[in-house]
Amino acid sequence: MDLQEEVKTIVIDVLSLGPAGAALTEQSALLGSIPELDSMAVVQLIGALEEQFGFAIDDDEISAATFATLGSLTDFVRLKQTA
């Protein structure tokens, strides 16, 4: 499974999107476009990413741009993995 698919699976699971999540693509808007992605869900999503990929995310690393699209979130994870 490639990185974007792993991130997509985590997003679908954390937000409980079910089959509707299958339509997510790299360009799919997340923050502000998916009602399930509220502030509490962002915290849960960060925790799930930390657990899955084995890194820690500091508060100052998080911005709205990180969660703009599935692609931007995947890029963030990729950068964290190489840091």
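**Entry 1: contact of H2 with H3.** I looked up where helix H2 meets helix H3 (helices being DSSP runs of H or I, at least four residues, numbered from the N terminus), and I found that Leu45, Leu49 and Phe53 in H2 meet Leu73, Val77 and Gln81 in H3. Contact here means heavy atoms within 4.5 Å. I sorted these residues into five nonpolar, one polar and no charged. Nonpolar covers Ala, Val, Leu, Ile, Met, Phe, Trp, Tyr, Cys and Pro; charged covers Asp, Glu, Lys and Arg; the others, Gly among them, are polar.

**Entry 2: basis.** I note that this is a predicted model, in which local features need pLDDT of at least 70 and side-chain atom pairs count only at pLDDT 80 or more, while totals for chains, interfaces and linings use all residues. Residues are numbered from 1 along each chain, and side-chain values use heavy atoms, without hydrogens and water.

**Entry 3: salt bridges.** I took a salt bridge to be a side-chain nitrogen of Lys or Arg within 4 Å of a carboxyl oxygen of Asp or Glu, and the count came to two. In one, Lys80 joins Glu61 at 2.9 Å, N to O. This pair links distant parts of the chain, with Lys80 in H3 (residues 70–82) and Glu61 in the loop between H2 (39–53) and H3, 19 residues apart. In the other, Asp75 joins Arg78 at 3.1 Å, N to O. Both Asp75 and Arg78 lie in H3, three residues apart, about one turn of the helix.

**Entry 4: accessibility.** I recorded Lys80 as buried at 15% relative accessible area and Glu61 as partly exposed at 28%. Buried means under 20%, exposed over 50% and partly exposed in between (1.4 Å probe, protein chains only).

Note on methods: Helices (H or I, at least four residues) and strands (E, at least two) are DSSP runs, numbered from the N terminus.
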